[in-house]
Amino acid sequence: MFEVASLRRQFPALQQSHDGRTPIFLDGPAGTQAPQQVIDAMVRYLTRCNANHGGVFRTSVESDAILDDAHQAVADFLHAPYAEEIIFGGNMTTLTFHLSRSIAKRLQPGDEVMVTRLDHDANVSPWMLAARDAGATVRWIDVNPEDGTLDFDSFRRQLNSKTRLVAVGLASNVLGTINDVTTIAREAKAVGAWTFVDAVHFAPHGPIDVQAIGCDFLACSAYKFFGPHVGILWGRRALLEGLPAYKVRPSPKELPGRWMTGTQNHEGIAGTAAAVEYLAEIGRACPEYRDPFSRMHGRALDVHAGMAGIQEYERGIGGRLLQGLAERPRFRIWGIRDVSRLAERVPTISITDCSLTPRQLAERLAAREIYAWNGNNYALEISERLGLEPHGGFVRLGLVHTNTADEVDRLLQTLDEIVAD
Ligand SMILES: Cc1ncc(COP(=O)(O)O)c(C=O)c1O
């Protein structure tokens, strides 16, 4: 069974209070809190086997074993076929620029790359710059402004035999829309294009199966799914082996070393494996969510069941917040509002107020120990497309599975107090 109270107890950050108030963390889309086991794994790494990669002595051997397990843990998290396909790096943005520079080598004038108006800029600018460097053309997939879904007509109209790559997010980091990346990957493949999926925002909210999606690359970041600040890139083995990788000499030919530049954040990678283990433990406590993942085994099955449990729980608190906001018409909800469409979104709910600016509203929430981001959150195109950029963007209320129905109620009550002031 999914037990939010016992999960919350595992997070030291959730136990703090300030001026008698327990903070409500709604800033998960910019980084989630970490459970004790993630913190312990990092401390243990630094205490016991802090060493560089590839040495013949005990600490380096132990460190390499921890790193190998972390590649496998993330492969389980993404249901990747091979642990060697998991590349760690500084963050998603850095890894995407790294890959885009290599992909640019395979582009030529006349080729096309597609990006969307819904994505975080980390899945837009690297591809725009790759296209610029190669003399290729950028095509934009538009958004339906009324509900923040991708405009599939605009995708299909522009997809053609010159398309080389489609870069799309699995979920929007401002509107919460879940995109049908499986259909996009299938249709892209049919014209010979690769699909790069930005799963950074979706990762804490539901199960990810790169094989079922059928994409070619997928990136995410551990600090958005209860781990430390580590970026993750998955790619199909044949592509990672075949693309030219930018590396110092002597550059390893094998994966994953071929794509991992410099000395990695080993303690962070140890913490990343612990974050996957935390999510797998949720799955072990929720066997009722295993059925759709019966083709998986071991930790992959556990972590996918755990994410399915999280997804169902989040639909409850997300629906509660949407409902409460709908009863307060001075707040405009951007994106899917309809509670019968909760399966199409994650509980990241961006709002604007009819009189306070996003910054003023976020400041007033902050003064009451409710932590939420204001601005465009680097989803620059959608903020512009919706006409919000000149007005300071949105206030993003980002729920994750450690939030509770009581917190949603306190948030709604606080919003009432703020506007009554
Ligand atoms: C959807 C999305 N993509 C990409 C990024 C960038 O991730 P990173 O900070 O790991 O570079 C973020 C960060 O907020 C994000 O929300």
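How many bridges join strand S14 to S15, and in which sense do the two strands run? In this predicted model, select residues 373–375, which make up strand S14, together with S15, and you will find three bridges between them, with the strands running antiparallel. Asn374 is a good residue to pick out here, since its bridge partner in S15 is Val395.

Keep S15 selected, as residues 394–398, and add strand S12, residues 348–353, which pairs with S15 in the antiparallel sense over four bridges; on this side Ser350 has Arg396 of S15 as its bridge partner. Strand S15 is mostly covered, five of its five residues being buried, and this holds for both faces, with Phe394, Arg396 and Gly398 on one side and Val395 and Leu397 on the other.

Next, move to the open sheet, whose seven strands follow the order S2-S10-S9-S8-S7-S3-S4 with mixed pairing. Its edges are S2 (86–89) and S4 (137–141), each of which pairs on one side only, and the twist from one strand to the next averages 20°. Towards the S4 edge, select S3 (residues 112–116), which runs parallel to S4 and is joined to that strand by five bridges; Val115 stands opposite Trp140 in S4.

Now add helix H4, residues 92–104, which packs on the sheet and touches S2, S7, S8, S9 and S10, its direction making about 155° with that of S9. Helix H7, residues 181–190, also packs on the sheet, where it touches S7 and S8 and makes about 175° with the direction of S7.

Finally, select the ligand, which 15 residues surround, the closest being Asn91, Met92, Thr93, His120 and Ser221. This shell divides into five nonpolar, nine polar and one charged residue.

Notes
Residues are numbered from 1 along each chain as its sequence is written. This is a predicted model: local features need pLDDT of at least 70, side-chain atom pairs count only at pLDDT 80 or more; totals for chains, interfaces and linings use all residues. A residue is near a molecule or strand if its C-beta atom, placed from the backbone, lies within 6 Å of it. Ala, Val, Leu, Ile, Met, Phe, Trp, Tyr, Cys and Pro count as nonpolar, Asp, Glu, Lys and Arg as charged, and the others, Gly among them, as polar. Two strands pair if DSSP finds at least two bridges between them. Axes are lines fitted to C-alpha atoms, for helices over the stretch in contact, and angles run from 0 to 180 degrees between N-to-C directions. Two residues are in contact if their C-beta atoms, placed from the backbone, lie within 7 Å. A residue is buried if 20 or more other C-beta atoms lie within 10 Å of its own, exposed if 12 or fewer, and partly exposed in between; C-beta atoms are placed from the backbone.
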